[in-house]
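User: Could you take a close look at the parallel sheet in this model for me? I'd like to know how its strands are ordered and what surrounds the middle of it.

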Amino acid sequence: MKQFLDDDFLLNHSVAKKLYRDFAKDLPVIDYHCHINPKEIADNVTFGDITDLWLGEDHYKWRVMRACGIEEKYITGDAPNRDKFMKWAEVMPKLIGNPLFHWSHLELKKYFGYEGILSKDSAQEVWELCNEKLSRLSVKDIIGMSHVEVICTTDDPVDSLQYHQKIQESGFDVRVLPTWRPDRLLSIEKEDFSDYIRQLSDVSGISINSFETLKKAVRSHMDFFEAMQCRIADHSLAYIMYEPASAQEVDTIFTGALNQMPVGIGDALKFKTECLKFMAEEYHRRGWVMQLHYGVMRNCNSRNFQILGADTGFDCIGDHAPISSLVHFLDDLTTAGKLPKTILYSLNPTDNTAIDTAIGCFQDSVPLGKIQHGCAWWFNDHKAGITSHLTSLANQGVLGNFIGMLTDSRSFLSYTRHDYFRRILCDFIGKLVEQGEYPMDYDLLGNLVRDICYFNAKKFIGL
């Protein structure tokens, strides 16, 4: 029987163990998509206790605490931090098979040197140990311990990027780069859309009164993001829409929204389609990478959404993401010669094979694969989900071109997810070798592992 969380954690074959130790373990981390707050890096904050760092914005943990009957005051409410931590510790032993059990113990071991099991009985010991160590650790210390080379945050187009500027001027040896995330720019059906466009007008210095002037303002602020070393855009969508419309039609829809006229579903889809196409063409011109996250059904519990707001643990996998719309969208850009490097992520794992077959239709001379199937995301970034994703990509595409893992997290302790992924990857590849499905050639194998864990992302994004 293997011991829990030993050096060979998740590594079940001799080849897997060698691949991990010799080629994956010590590679730097490129975290090309996360929700880390750059202000916390710029200010090099410290955390008062482990609850602030571990539970403050983690809706993964909030969901399982609710599932165990923990009262909301111990989750997002005003209970003392120590009490919140104790409630989380009570839940932990129940999470067999859940990645939270693995992640949490990987984090306790790496950052705090704790090798026991978190439970109700050990909670006080862990609370005191973590808080004592946190008193001597800043955010930059934690990032340094994690061997991070690049962090790409998630930033609204109207953001001043002042904290990125502060980080760059501080001489911090980790590159912290902004990501263009224009979700509000596409949300023409929302009540605050016209207010948002006024904000964009103010920061760009361009009066926005038509779709053409909107595009001019967007280009102007993309220039600003690019000057701040932005290399990636990211979109969060229910699905990839495709409802093309003429320039005149889109302009009428847009100016109507500026005047606060209601926008129907059909008109919203037309605007979003054409606006996303315009931005994709700009990404192509600039050499940016376009990330498309979709397949989410958000804010499912309307009562709790009204009380707690978005991103508090009430989203689930959606079942409406037509592959035909995605293909038509990519085909339009390809026909125009303006398809950017693209990463596709669906929250629905049943989309894996469809995505892997679709991306094969649009590859070109970009050697790493111009269209990437992004890593197992959100509800899928567990052992089974990652393995399923790797299997589909290997079966239908080119696993050796894959750009690897990211955290998609708000927590500075989440970099252990890269180690978690690397172990699963090495075990996946090692199993194929052990079964005689790939040669026992460590030159070939080492290059595969290093590329997937580090070099492919660096080359693909242009870092």
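Analyst: Happy to help; here is a walk through the sheet, strand by strand.

A word on the ground rules: this is a predicted model, where local features need pLDDT of at least 70, side-chain atom pairs count only at pLDDT 80 or more, and totals for chains, interfaces and linings use all residues. Residues are numbered from 1 along each chain as its sequence is written, and side-chain values use heavy atoms, with hydrogens and water left out.

Let's begin with the overall layout. The sheet is open and has 5 strands in the order β4-β5-β6-β9-β10, with parallel pairing. At its edges stand β4 (179–180) and β10 (371–373); each has a single partner strand, so one side of each is left without a neighbour in the sheet. Strands here are DSSP runs of E with at least two residues, helices are runs of H or I with at least four, and both are numbered from the N terminus. Two strands pair if DSSP finds at least two bridges between them. As a general reminder, strands of a sheet pair through backbone hydrogen bonds, either parallel or antiparallel.

Now let's go across the sheet from the β4 edge. Strand β4 runs parallel to β5 (residues 232–236) and is joined to it by 2 bridges, with Thr179 opposite Ile232 of β5. Ile232 also has a bridge partner in β6, namely Val289. Between β5 and β6 there are 5 bridges, again in the parallel sense. On to β9: 6 bridges link it to β6, and the two run parallel. One of the pairs here is Tyr294 with its bridge partner Ser346 in β9.

What surrounds β6? In β6, 6 of the 6 residues are buried, so the strand is largely enclosed by the rest of the structure. Buried means under 20% relative accessible area, exposed means over 50%, and partly exposed lies in between, using a 1.4 Å probe and protein chains only. Both faces of β6 are covered: one side carries Val289, Gln291 and His293, the other Met290, Leu292 and Tyr294, all of them buried.

A helix also belongs in this picture. Helix α17 (residues 352–359) lies across β6 (289–294), β9 (341–346) and β10, and runs at about 165 degrees to β10. For that angle, axes are lines fitted to C-alpha atoms, for helices over the stretch in contact, and angles run from 0 to 180 degrees between N-to-C directions; contact means heavy atoms within 4.5 Å.
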